[in-house]
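Please examine the sequence and the model shown here before reading on. The explanation after them is meant to be followed with both in view.

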Amino acid sequence: MIHYQIVYLQGSTTGLLGALFADCSRQRTGVHHALCRDSDSVIIELLLAALLKLVFTIYTCTVKVPGGILIPSLAIGGMFGRAVGLAMQYIVAHSTEAQIFSECRDISTCITPGVYAIVGAASVLGGVSRTTVSLVVIMFEITGGLEYVLPVMTAVMVSKWVGDAFGKDSIYDEVIALRGYPYLDHKAELPHTEKKAKDIMTTAKLELLGLHGNTVVSLKSVLGRSACQGFPVVTDPADMIVVGYITRRVLQRTMDMMDESSSDGRSLLDDSPDVSELDLRPWFDMTPVQVDELTPMDRVLDMFFALGLRYMLVTRLGRLVGIITKKDLLVHVRRLCH
C-alpha cells in the first residue's frame, strides 16, 4: 500500500530495474515515462523512493518470510545511481563552458543515467553481499554490455572496501549470527590459540546413560527433565568409560516405538516398562568422535570443519570428562575473532 503511492514502486522490482537501466531513447511507458520526464523533481523522487525501499528492505530481510535481498539491493542501488546520473546530466547541461566538460560540447548525449544506475546497483549489492568477481559477471549478463565491465568492477571493489571497513561479514553471515544458528564458516581465518579441548568443553550439558539398567520409564524421565540434544552412553557412571552416544531424536523415536508396540499388544519388552531393562545398543552410535582433553584447539576446529561434527566427546585416559558442541565452539570462535 505504501509502495503504491510512489510511481517507481508501483510495479514489480524487476520491471523497475529494466526501466532504471534503460535510456530515454526508447518508448516511454509506465515507470520509464516517469523516469524520463524533463523535470528536476525526478531526482528528489528517486532519492525518496530509494530511501523508502532501503528502510523496508532492512526491516524485511531478517523476517522469517522469503522476501529476498538480492533484487531489492539492485533496485536501491539503481535508484541512487540513476539519481546521480540525472544530477550529472543537469550539471553538464548547465556547465558546458567548463573545461572539465569540454568533451561533451559536440556530443548530443554525453551522460547516460542508465549507466550510472547499473554502477549504483552493482555497488550496493557488492557492499551487501561482499561478492566481487561473480557480481561483475552477473551484471555483465544482465546488461549485455562489455563496455560497462570496468566501471562496474571499480564500483564493486570500492563498495567492498568500504563495507569491510565496518565489518568483514556479509549480510547473510550477520543474519546467521543474529539468529544464533550453529554455523561454522570453514573459510574464516582464525588466529592461532594455545587453548586445549579441556578449556572449552562443558560438563553442565552432560546427561549420562548407563549401558545397563535402562527402562522405558527411566528413559522417558531423562527426556522429560533434560533439554540435551544427545546423551553419552557409558559402561557405568562410576567408571565413565564411553561406549556410545545416542541423540535425543533417536531416543525419542525409540520410546515412541515402544509405546506403539505396547498399545498394539505386541510389546518388545519381556516385562512391564518400569522393570524390564531396555538394551540401547541397537540404537546408539558405538563410534562417537572422541578426543583427549589435551588436544589442541586448532586440531579440534579442523575436525569440526572437516567432518561436519555437531558434538565431540572429551576424555581423559579413556574416561569421559566433558563434551564440546558446535555452539560451544562458535562461542570460542567469536571470542577469537573479537
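The following paragraphs treat the nonpolar cores, then the strands, and then helix 12 with its surroundings.

The structure is a predicted model, in which local features require pLDDT of at least 70 and side-chain atom pairs count only at pLDDT 80 or more, whereas totals for chains, interfaces and linings use all residues. Residues are numbered from 1 along each chain as its sequence is written, and side-chain values use heavy atoms, with hydrogens and water left out.

In soluble globular proteins, nonpolar side chains tend to be buried together. A nonpolar core is here a set of buried Ala, Val, Leu, Ile, Met, Phe, Trp, Tyr and Cys residues joined through side-chain atoms within 4.5 Å; buried means under 20% relative accessible area, exposed over 50%, and partly exposed in between, with a 1.4 Å probe and protein chains only. The largest such core has 32 residues, and Tyr-8, Leu-16, Leu-20, Phe-21, Leu-46, Met-79 and Met-139 have the most contacts inside it. At least two of its residues come from each of several helices, including helix 1 (13-21), helix 3 (41-60) and helix 4 (70-93). Helices (H or I, at least four residues) and strands (E, at least two) are DSSP runs, numbered from the N terminus. Leaving aside residues up to four places away in sequence, Leu-46 touches Tyr-8, Leu-20, Leu-35, Met-79, Arg-82, Ala-83 and Leu-86, where contact means heavy atoms within 4.5 Å. A second, separate core comprises 17 residues, among them Leu-211, Ile-246, Val-250 and Leu-278.

Strand 2 (residues 230-234) has five of its five residues buried. Gly-230, Pro-232 and Val-234 lie on one side, with Phe-231 and Val-233 on the other. Two strands pair if DSSP finds at least two bridges between them. Strand 1 (residues 209-210) pairs with strand 2 in the parallel sense over two bridges, and Leu-209 stands opposite Val-233. Strand 2 and strand 3 run antiparallel and are joined by five bridges; Val-234 faces Val-242 of strand 3.

Which residues form the one aromatic pair found in the whole structure? Tyr-245 and Tyr-311 do so, with 3.8 Å centre to centre and 20° between the planes, and the pair is stacked. Rings of Phe, Tyr and Trp (its six-membered ring) pair if their centres lie within 6.5 Å; planes under 30 degrees apart count as stacked, over 60 as edge-to-face and the rest as tilted. Tyr-245 belongs to strand 3 (residues 242-247) and Tyr-311 to strand 5 (residues 311-316), 66 residues apart. Tyr-245 is buried at 6% relative accessibility, and Tyr-311 is buried at 18%.

Strand 5 also belongs to an open sheet of three strands, with the order 4-5-6 and mixed pairing. Strand 4 (290-292) and strand 6 (319-325) each have a single partner strand, so one side of each is left without a neighbour in the sheet. Strand 5 pairs with strand 6 in the antiparallel sense over six bridges, and Met-312 stands opposite Ile-324.

Helix 12 lies across strand 4, strand 5 and strand 6. Its residues Met-297, Val-300, Leu-301 and Phe-304 are buried. Seen down the helix axis, the buried residues fall within an arc of 100° (taken from the directions from the axis to the C-beta atoms), so they line one face of helix 12. The face turned away carries the exposed residues Arg-299, Ala-306 and Leu-307.

Definitions and conventions. Axes are lines fitted to C-alpha atoms, for helices over the stretch in contact, and angles run from 0 to 180 degrees between N-to-C directions.
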